[in-house]
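Please open the structure in your viewer and keep the sequence panel beside it, so that each selection can be followed in both. The tour below goes from one pair of strands outward to the whole chain.

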Amino acid sequence: MNSAAAYTPLMPTSANTFSNAPFYEGNVSAGAMYPPVMAPQPNMFGNVPGYEGTVPGGGGFLPPPMPMQPVAPPQPAPENPEWSIPSLSENAAREALKEFVSSHCCYGDAPVTQGVITSMEPFNTFRYRLETFTESRSTDWAHKPHEGEPADFYAQPAPRPWEVQATPPKLFSDHTEKIRVPYTSSVKKTCPMCNGAAKSDPACTHCNGTGKDRCTKCNGSGKKQCETCKGKRQLLTYIELKVEWKNHVEDHLVEQSCGLKSDNLRSVKGKELFKSSQNLVYPLLGFPNPAVSQASERLIKEHQTNYGKTSRILQQRQTVELIPITQVNYKWKDKSYVYYVYGNERKVSADDYPETCCCVIL
């Protein structure tokens with residue numbers, strides 16, 4: 001521990017509830033010293049070394065320590081797996097349209113039963129997905145009713161924000177945890193909201209502040225219990241560490257020329273061709289489709305640059321899928337129409353379906 005972080009003796013009074021402790025400098029003036037843990041103070045919040053900038057309302061994200069893992073080596077493209085997807089049969093295409101029509105109460109089924117499929121053309125496309133699982137930490141001053149807990153401020157140096165132990169969830173799943181930072185707790189002798197009275201205005205609305213009419217809500221006092229200290233008269237103030245694990249997901253769909261809207265493809269699955277998970281992944285090199293390699297390089301650079309500034313990257317995962325798309329052309333009543341069957345789920349998009357209302361208006 002350097003000399004600037006050394007302890008100073010306890011002093012009888014101070015302008016702030018908290019003063020400096022190792023790794024928490026900067027929240028009070030240079031002349032502030034440690035107050036007695038139980039001493040009454042005019043201000044609820046002060047500064048704790050190592051948590052500079054922590055103010056009521058949040059102190060912003062804390063930069064993580066430098067990563068310990070080396071940068072991942074270049075990652076070659078996957079060895080050529082089975083790239084093809086079996087062609088969709090006419091029966092399967094007709095069945096998919098039938099199911100689509102049945103899910104719309106006003107659609108007629110005559111084009112399904114009477115229409116003639118004239119041609120089918122595949123427009124399979126690639127989807128690249130990058131997931132970056134991060135951990136970020138931010139601090140805020142917090143308080144709760146004092147229920148007899150020991151105030152541990154200045155008992156020993158508080159751990160740095162990234163030294164506080166927190167158990168991460170399953171990889172690539174979101175989770176938030178709030179932790180009271182050890183050795184930052186102090187007791188505010190009187191609640192600033194009720195001034196230590198344990199009751200607060202406004203007057204009880206049930207008895208209009210008279211305490212009469214057998215009021216059970218305020219026990220005849222005419223005032224409500226203080227919502228801040230819950231009738232305890234004192235507050236335990238401390239630094240609260242918010243630990244947030246988040247999975248950042250970004251997709252890139254290789255452009256396809258069949259006319260199907262890209263938004264339709266975001267909710268379906270395809271054939272998984274490649275998946276890799278590392279602390280830090282590296283762009284795919286030499287992928288058969290250059291657009292996938294370019295998307296991989298761009299997204300990885302963006303994620304590691306953007307999220308590495310305010311978070312710790314715990315794991316990255318990249319996936320390449322081949323999404324089946326079939327354009328089905330058919331005729332009904334001498335007119336031509338088209339629909340698309342896409343994804344492993346065989347969803348259907350039929351913007352020009354010819355019989356969209358079978359309701360009879362009397």
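In this predicted model, begin by selecting β2, residues 116-122, together with β12, residues 325-332; these two strands pair in the antiparallel sense, and 6 bridges link them. To find a point where the two strands face each other, pick Met120, which stands opposite Val328 in β12.

Next, add β13, residues 335-342, and β14, residues 347-349, to the selection. In what order do the strands of this sheet lie? The sheet is open and has 4 strands, in the order β2-β12-β13-β14, and their pairing is antiparallel. At its edges you will find β2 and β14, each of which pairs on one side only. If you turn the view to look along the sheet, you can follow a twist that averages 25° from one strand to the next.

Now select residues 90-102, which form helix α1. Which strands does this helix lie across? Helix α1 lies across β2, β12, β13 and β14, and its direction makes an angle of about 105° with β2.

Finally, clear the selection and show the whole protein, which has 3 helices and 14 strands. Of its 362 residues, 43% count as buried, and the accessible surface comes to about 20000 Å², with 51% of that surface belonging to carbon and sulfur atoms. When contacts between residues at least 6 apart in sequence are considered, 81% of them join residues at least 24 apart; the pair with which the tour began, Met120 and Val328, brings together two strands, β2 and β12.

Technical notes. Residues numbered from 1 in each chain as written. Predicted model: local features only at pLDDT ≥ 70, side-chain atom pairs only at ≥ 80, totals over all residues. Heavy atoms only, no water. Pairing = 2+ DSSP bridges. Axes fitted to C-alpha atoms, helices over the stretch in contact; angles between N-to-C directions. Contact = heavy atoms within 4.5 Å. Buried < 20%, exposed > 50% of the residue type's maximum accessible area, 1.4 Å probe, protein only. Areas by Shrake-Rupley, 256 points an atom, 1.4 Å probe, with all protein chains shown as cover.
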